[in-house]
Amino acid sequence: MYKFLIVEPLHAAAMRLLDERPDVTYEVIENPNERLLVGCIGDVDAMTIRVSPLSPAVLTAAKRLKIVSRHGVGYDNVPIDACNRLGIPVTIVGATNAVSVAEHTIYLMLAVAKQSVASMACARSGSFAGRGKLRGMELFGKTLLIAGYGRIGRQVSTRAKALGMRIVVYDPYAPPDALSGLRVVDSLADGLRIANVVTLHLPLTKTTRNMLGSDELALLPKGSIVVNASRGGILCETALLEAIESGSVFGAGLDVFAQEPVPAGSPLLNSDRIVLSPHSAALTEESLVAMGKATVQNALDAVDGRLNVDNVVNPEILG
């Protein structure tokens with residue numbers, strides 16, 4: 001028998017995959033903390049995890065753990081160094097949420113361009129005269145810099161082209177065939193200098209943390225839009241606020257933040273030039289079903305000895 005630990009509930013469709021396996025038992029932890037996980041992981045063969053932080057102490061307490069299966073494509077809540085040291089593969093869910101996140105990215109882009117926060121306030125207050133102060137932006141003909149041209153970035157590109165936008169890509173790690181026919185810049189700075197809109201689709205790493213700060217935002221043409229639906233730490237929020245308040249940046253669409261939830265007193269909450277969502281870009285019914293199933297399948301594949309290497313973020317430990 002294999003024992004699975006489900007850290008934070010998964011979609012019912014995903015749980016059915018486990019129920020169909022007579023050789024698998026599982027425990028669901030709805031409100032995890034380090035002490036609780038350390039106490040129950042000793043005999044666990046596979047763990048799934050969503051957004052809760054996973055500490056090295058929990059992994060050290062695991063004696064049989066064969067996989068940490070992440071419900072999503074980011075994995076900054078998983079201590080990769082500790083997993084590498086202990087020989088535990090970490091998996092993600094591939095392209096399962098790419099369409100949902102890409103659609104949400106386009107939504108944020110449009111909502112900022114059309115000044116949706118201010119216009120909604122006018123409509124709800126009955127102040128239709130206030131519309132005279134609104135000045136939206138057309139996206140047609142504008143240049144979109146996509147930083148990170150992976151599964152999500154490619155889906156964003158397809159949809160932005162339908163809006164008549166010109167696409168520029170920055171991704172030093174993308175395979176050449178994925179960039180065929182595109183305008184590619186060699187540095188982020190080169191792309192920022194010509195971008196009317198920049199959207200981020202990168203993992204949060206030591207290299208990408210705060211990669212978009214004051215100096216980088218200053219390179220954007222006046223009146224540009226910034227969208228982040230990847231990870232909050234990639235964008236310096238203080239620098240963004242200063243750029244919006246000065247008028248050099250038109251506005252921003254943010255689904256992710258350096259601190260989540262956003263603190264109650266954060267100035268991010270007060271600007272009508274910033275469209276916010278609560279790290280929910282991937283949370284559509286279709287995406288949750290697909291992500292949940294992929295999360296469970298990765299875990300099952302690991303105990304069955306047929307793990308898909310393409311889903312493993314630390315394949316070097318597989319030997």
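Two strands pair if DSSP finds at least two bridges between them. Strands (E, at least two residues) and helices (H or I, at least four) are DSSP runs, numbered from the N terminus. The model is predicted: local features need pLDDT of at least 70, side-chain atom pairs count only at pLDDT 80 or more, and totals for chains, interfaces and linings use all residues. Residues are numbered from 1 along each chain as its sequence is written, and side-chain values use heavy atoms, leaving out hydrogens and water.

**Exercise 1.** Find the bridge partner of Leu254 in β12, then place β12 in its sheet.

*Solution.* Start with strand β11 (residues 249-254), which runs parallel to β12 and is joined to it by three bridges. Here Leu254 has Leu276 as its partner. Next, widen the view: the open sheet has seven strands, ordered β8-β7-β6-β9-β10-β11-β12, with parallel pairing. Finally, look at the edges: β8 (183-184) and β12 (274-276) each have a single partner strand, so one side of each lacks a neighbour in the sheet.

**Exercise 2.** Work out how helix α5 packs against helix α7.

*Solution.* First, take the geometry: α5 (residues 98-113) and α7 (residues 151-162) pack at about 50 degrees, with axes 8 Å apart. (Axes are lines fitted to C-alpha atoms, for helices over the stretch in contact; angles run from 0 to 180 degrees between N-to-C directions.) Then list the contact (heavy atoms within 4.5 Å): its residues include Val101 and Ile106 of α5 and Ile152 and Val156 of α7.

**Exercise 3.** Which strands does α7 lie across?

*Solution.* Helix α7 lies across β6 (143-147), β7 (166-170) and β9 (197-200). Its direction is at about 170 degrees to β6.
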